[in-house]
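Biologist: Could you take a close look at the sheet for me, and tell me strand by strand how it's put together? I'd also like to hear about the parts around it, in one connected account.

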Amino acid sequence: TFRAAIERLPYLHDLGVTVIELMPVADFAGERNWGYDGVAPFAPARCYGSPDDFRALVNAAHAAGLGVHLDVVYNHFGPDGAYQGAFSPHYISPKHRSPWGGALNFDGPNSRPVRDYVVENALRWIREYHLDGLRLDATHAIVDESPRPIVAEITAAVRDEAAASGRHVLVIAEDARNLRAVIDSQDRGGWGAHAVWSDDFHHQL
């Protein structure tokens, strides 16, 4: 649980860790999950504790001198319990699929509200829970043929939010393609992410 994790923070600090990264905590079907089948992106998973419990974990980490990053998934919804489609048929792309099911509709008809939904979700974690960074899961699996990729839009919004609040917040893209555009600045046509999660190095370890 979020509260139980607080008890382990001193071990990480003593080890020399400076930032902890949480796997996705968006609520999912069932009681156990790695988090990559999230269906309620704005809700911390109930099995880990309440939203205030999550805030307490972040606050305790900060008090211990640790930053907190969160893994977020915007390439698909989980296969069970995702009811967004009951409110609108436009959440899921009519022409794209991800390796894990229907892809979110970032470039098709009526995709603007879907893009807003995802951008606001990224900002929610930063505003409401004071996270220090987001790791965007598998950006290579986000299918988006629009002129401005959704990852660039998320990154710009996070940078603006951080600047307005006087904080330093990172966006890290997990992308296996080794694309320079991921970290190139947006005024040079890039996506503007602060860093790339190196799958090559990660898998070798």
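**The sheet and its surroundings**

Modeller: Let's start towards one end: Glu174 has Trp197 of strand 9 as its bridge partner. Keep in mind that this is a predicted model. That pair belongs to the link between strand 8 and strand 9, where 3 bridges hold two parallel strands together.

Now zoom out. The sheet is open, with 5 strands in the order 1-4-7-8-9 and parallel pairing. Its edges are strand 1 (19–22) and strand 9 (195–197), each of which pairs on one side only. Going from one strand to the next, the twist averages 25°.

Step inwards from strand 9 and you're on strand 8 (residues 170–174), which runs parallel to strand 7 and is joined to it by 4 bridges. If you want to check the register, Val171 of strand 8 faces Leu134, and Ile172 of strand 8 is the residue opposite Arg135. Of the 5 residues in strand 8, 4 are buried, so the rest of the structure largely encloses this strand.

Strand 7 (residues 133–136) is worth a pause. In general, side chains in a regular strand alternate between the two faces of the sheet. Here, Gly133 and Arg135 sit on one side, Leu134 and Leu136 on the other, and all of them are buried, which leaves both faces of strand 7 covered. Yes, that list of buried residues includes an arginine, Arg135. On its other connection, strand 7 runs parallel to strand 4 (residues 67–72), again with 4 bridges. One pair to look for there is Val72 with Leu136 of strand 7.

How does the chain get from strand 7 to strand 8? It goes by way of helix 6 (residues 150–165), and the three elements form a right-handed β-α-β unit. The loop between strand 7 and helix 6 holds Ala138, and its backbone deserves a second look. As background, most residues other than glycine have a negative phi. Ala138 isn't a glycine, yet its phi is positive, near 40°. Ala138 counts as buried because its relative accessibility is 4%, against a cut-off of under 20%.

A second positive phi turns up at Asn178, also not a glycine, with a value near 55°. Asn178 belongs to the loop between strand 8 and strand 9. Asn178 has a relative accessible area of 62%, so it's exposed. So if you're going through the backbone angles, you have one case that's buried, Ala138, and one that's exposed, Asn178.

Over at the edge, Leu22 is part of strand 1. Although strand 1 is an edge strand, Leu22 is buried, because its relative accessible area is 17%. Leu70 is 48 residues away from Leu22 in sequence, but their C-alpha atoms are 4.9 Å apart. Once you set aside neighbours within four places in sequence, Leu22 has contacts with Val68, His69, Leu70 and Asp71, and also with Phe54 and Leu57.

Phe54 takes us to the helices, since it also takes part in the contact between helix 3 and helix 5. Two packed helices are described by the angle between their axes and the distance between those axes. For helix 3 (residues 51–63) and helix 5 (residues 112–129), these are about 70° and 10 Å. The two helices are therefore roughly perpendicular. Helix 3 brings Pro51, Phe54, Arg55 and Val58 to the contact, and helix 5 brings Trp125, Glu128 and Tyr129. By class, that's 5 nonpolar residues, 2 charged ones and no polar ones.

One last stop is Phe87, in helix 4 (residues 84–87). Phe87 counts as exposed because its relative accessibility is 74%. Phe87 is 23 residues from Ala64 in sequence, and the C-alpha to C-alpha distance between them is 42 Å.

Key: Residues numbered from 1 in each chain as written. Predicted model: local features only at pLDDT ≥ 70, side-chain atom pairs only at ≥ 80, totals over all residues. Heavy atoms only, no water. Axes fitted to C-alpha atoms, helices over the stretch in contact; angles between N-to-C directions. Parallel < 35°, antiparallel > 145°, perpendicular 65-115°, else oblique. Contact = heavy atoms within 4.5 Å. Nonpolar A, V, L, I, M, F, W, Y, C, P; charged D, E, K, R; others polar. Buried < 20%, exposed > 50% of the residue type's maximum accessible area, 1.4 Å probe, protein only. Pairing = 2+ DSSP bridges. Right-handed = clockwise from strand over helix to strand, strands pointing away.
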